[in-house]
Every structure is written in C-alpha cells, then in structure tokens.
Amino acid sequence: VDAKRTDFETISASPTRTGRFLSRIRPLSGQIFMRMQNTPNVNPHSPAVFRTGLQREINRSDADVVLLTWIGREIISVGEIAGIDKPLVWRMSDMWTFCGNEHYAPDDEEARWRTGYKKNTRPKGSGRVDLDAWTFRRKLRSWKKPMHLIAPSRWLHDCVKDSALAKNWPVTHIP
C-alpha cells in the first residue's frame, strides 16, 4: 500500500529582528486604533488593519490549503486574508469571522452581524467612530471568495448561517 506523507508548515510573520519588533507593537497599534470607538461591548475587538507580511509568506509557501484559526490582535489584516491565493479553511474560535471588530457580539434577532451593521442598529452607549461597521464593510468588500468555515459548536454554526457576511459560505460543525 502506498502511503502519502504530509508536511505541515506553520508560517509566522518576519523572523527578523525588525519583524519581531513590529509583531510586538502591532497589537498595541490596534488597541490605540480602537480608542476611536466607544462601545458598551467589553469583549475583545480586533480591527485587523495593519499589514503583516503573512499573505506574502503564505502565498510563497507550497501549501495546498491554508488553515486559519484564531485571528486577532493584528495577526493578519482583513485585506491580507482576502489576498491569500490558496483555498482557505477557517476553524472559528469566536464570532469575529462574520462580525465587525467584535470577537463576541450580542445574539438577538436584531444583531448587527445579522442585519449588516446599519447606523440605526448601534448599541446604546456607543459613540465616536463606528469601527465595528467600518470593519464589517471592509470584510464584505474584501472577502469575495467564500472560505470553508469550521464551527466548534452548533450555536456558532447557526450564527454563520444567519450572518449577513457568511450565510452562503460552506460551514461544517465539528464539535
């Protein structure tokens, strides 16, 4: 019987000294950026604005498929995710994939991730710039090709199917 051997490769941004320095300050830059928004949602937020170089490294690799796991703290930008030219599988850890900046957002009938982040759906107590809506629109514009999503819970699977962004993407529930 012939057996195929598979090599898994983990890619990280810039192993250089400058790259390591930038990987330390990028999350702080994202936190400073988030101060432009006032929100009652105390859960983590990730705008994913700053380019990291990961897209280039991933596209140069000989990987057949790219597995994304947790995305946050400026690990990779929304635009870079869109620019990956290999098939993407995303094992979701939270709601960030189909929300704006929020890793967890309210789950009700009028949830913004369901309705598309309209101005009249901002939570009470919100102020300044609506970065949640801005990031959602960036994802909507950038992520034209569907990614295969893996949901670790039935609840998260159902959220994907109800989301304005990813409702037509393939999603598999794997507990």
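**A parallel four-stranded sheet and two residues with positive phi**

In the predicted model, Arg91 stands opposite Ile150 of strand β5. This pair belongs to the junction between β3 (residues 88-91) and β5 (residues 148-151), two parallel strands joined by three bridges. Strand β3 also pairs with β2, again in the parallel sense and over three bridges; here Trp90 of β3 is the bridge partner of Leu68.

These pairings form part of an open sheet of four strands, arranged in the order β2-β3-β5-β6 with parallel pairing. The edges of the sheet are occupied by β2 (66-68) and β6 (171-173); each has a single partner strand, so one side of each is left without a neighbour in the sheet. On average, and with direction ignored, neighbouring strands are turned by 20 degrees against each other. In general, the strands of a sheet pair through backbone hydrogen bonds, in either a parallel or an antiparallel arrangement.

The two faces of β3 are distinguished by their cover. Leu88 and Trp90 make up the covered face, whereas Val89 and Arg91 make up the uncovered one. Thus Trp90, the bridge partner of Leu68, belongs to the covered face, while Arg91, which stands opposite Ile150, belongs to the uncovered face. Elsewhere on the sheet, helix α6 (residues 154-162) lies across β5 and β6 and runs at about 165 degrees to β6.

Backbone geometry was also examined in the loops. Most residues other than glycine have a negative phi. Ala48, although not a glycine, has a positive phi of about 50 degrees. Ala48 is located in the loop between β1 (37-38) and α2 (54-60). With a relative accessible area of 2%, Ala48 is buried. A positive phi, near 55 degrees, is likewise found at Tyr117, a residue other than glycine. The loop that holds Tyr117 lies between α4 (112-115) and β4 (127-128). Tyr117 is buried, its relative accessible area being 4%. Both values fall under the 20% relative accessible area that defines a buried residue.

Confidence in the model was assessed along the chain. The mean pLDDT of the protein chain is 84, and 78% of its residues reach 70 or more. Over residues 1-5, by contrast, the pLDDT is below 50, and this stretch has zero contacts in the model beyond near neighbours in sequence.

Key: Residues numbered from 1 in each chain as written. Predicted model: local features only at pLDDT ≥ 70, side-chain atom pairs only at ≥ 80, totals over all residues. Heavy atoms only, no water. Pairing = 2+ DSSP bridges. Axes fitted to C-alpha atoms, helices over the stretch in contact; angles between N-to-C directions. Contact = heavy atoms within 4.5 Å. Buried < 20%, exposed > 50% of the residue type's maximum accessible area, 1.4 Å probe, protein only. pLDDT = per-residue confidence, 0-100.
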